[in-house]
Amino acid sequence: MVLMGVTGCGKTTVGRLLEERLGWPFLDGDDFHPEANVARMAAGIPLRDEDRWPWLRRLSDEIGGRMDAGRSCLLGCSALKESYRAVLRGGRGDRVRFAHLSAPEALIADRLRHRVHRYMPAGLLRSQFEALEPPVDAVLVDVSGTPAEAAAAVAAALGLQV
């Protein structure tokens, strides 16, 4: 399951809750960025597609290896465009599912004002909303409430109880 959405939507928070409750490992896509991407974002420069392709292929290989070994996992990744989601699927079709964590931009911007990320400045939020191509085949999860409510909605979409 890929937990997707713009920065500040709760991918890591919801992913960690689900990891604890389901016992599935949570992979934070931020941990897989090459240093050049981190430096761009830390400087307030949005990533370009050519910056993202190697990162997305690395994530696809990571989740694919786990799936090939018969293990489930959760991945937190912005996956803003359909082309990015296609790379993450890696030809695995509907075996890779997406949950789009979503809330109004003003709410997410307010949350970002109260959070410090190791390299992703709040100023890049607008560029992420501009790049976002809402998925048609993802579970839409409203994250306006609590992280526990969002985690329960993702689990329900998987047919699981948390």
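This tour proceeds from the whole chain to a central strand, a single residue and a pocket.

The model is predicted: local features need pLDDT of at least 70, side-chain atom pairs count only at pLDDT 80 or more, and totals for chains, interfaces and linings use all residues. Residues are numbered from 1 along each chain as its sequence is written, and side-chain values use heavy atoms, with hydrogens and water left out.

**The whole protein**

Begin with the full chain in a cartoon view, which shows 7 helices and 5 strands; helices (H or I, at least four residues) and strands (E, at least two) are DSSP runs, numbered from the N terminus. Along the sequence they follow the pattern β-α-β-α-α-β-α-β-α-α-β-α. The radius of gyration, 15 Å, is close to the 15 Å that the globule rule gives for 162 residues, so the protein is as compact as a globular protein of that length. This radius is taken over C-alpha atoms, and the rule is 2.2 Å times the number of residues to the power 0.38. The C-alpha trace spans about 40 × 35 × 25 Å along its principal axes. Of the 162 residues, 44% are buried (under 20% relative accessible area, with exposed over 50% and partly exposed in between; 1.4 Å probe, protein chains only).

**Strand β4**

Next, select residues 98-102, strand β4; 4 of its 5 residues are buried, so the strand is largely enclosed by the rest of the structure. Add residues 2-4, strand β1, which pairs with β4 in the parallel sense over 3 bridges; pairing requires at least two bridges found by DSSP. Then add residues 139-142, strand β5, which pairs with β4 in the parallel sense over 4 bridges. His100 is a useful residue to label: Met4 stands opposite His100, and His100 also stands opposite Leu140 in β5.

**Asn37**

Move to helix α2, residues 35-42, and select Asn37. Is Asn37 buried or exposed? At 3% relative accessibility, Asn37 counts as buried. Leaving aside residues up to four places away in sequence, Asn37 touches Leu47, Asp51 and Trp55, where contact means heavy atoms within 4.5 Å.

**The second largest pocket**

Finally, select Met1, Val2, Trp24, Ile63, Met67, Ser72, Cys73, Leu75, Arg95, Val96, Arg97 and Leu158, which line the second largest pocket. On a 1 Å grid over the protein atoms alone, a pocket is an open set of points, where a 1.4 Å probe fits, with protein on both sides within 12 Å along at least five of seven lines; lining residues have an atom within 4 Å of a point. The lining divides into 9 nonpolar, 1 polar and 2 charged residues.

Notes:
Ala, Val, Leu, Ile, Met, Phe, Trp, Tyr, Cys and Pro count as nonpolar, Asp, Glu, Lys and Arg as charged, and the others, Gly among them, as polar.
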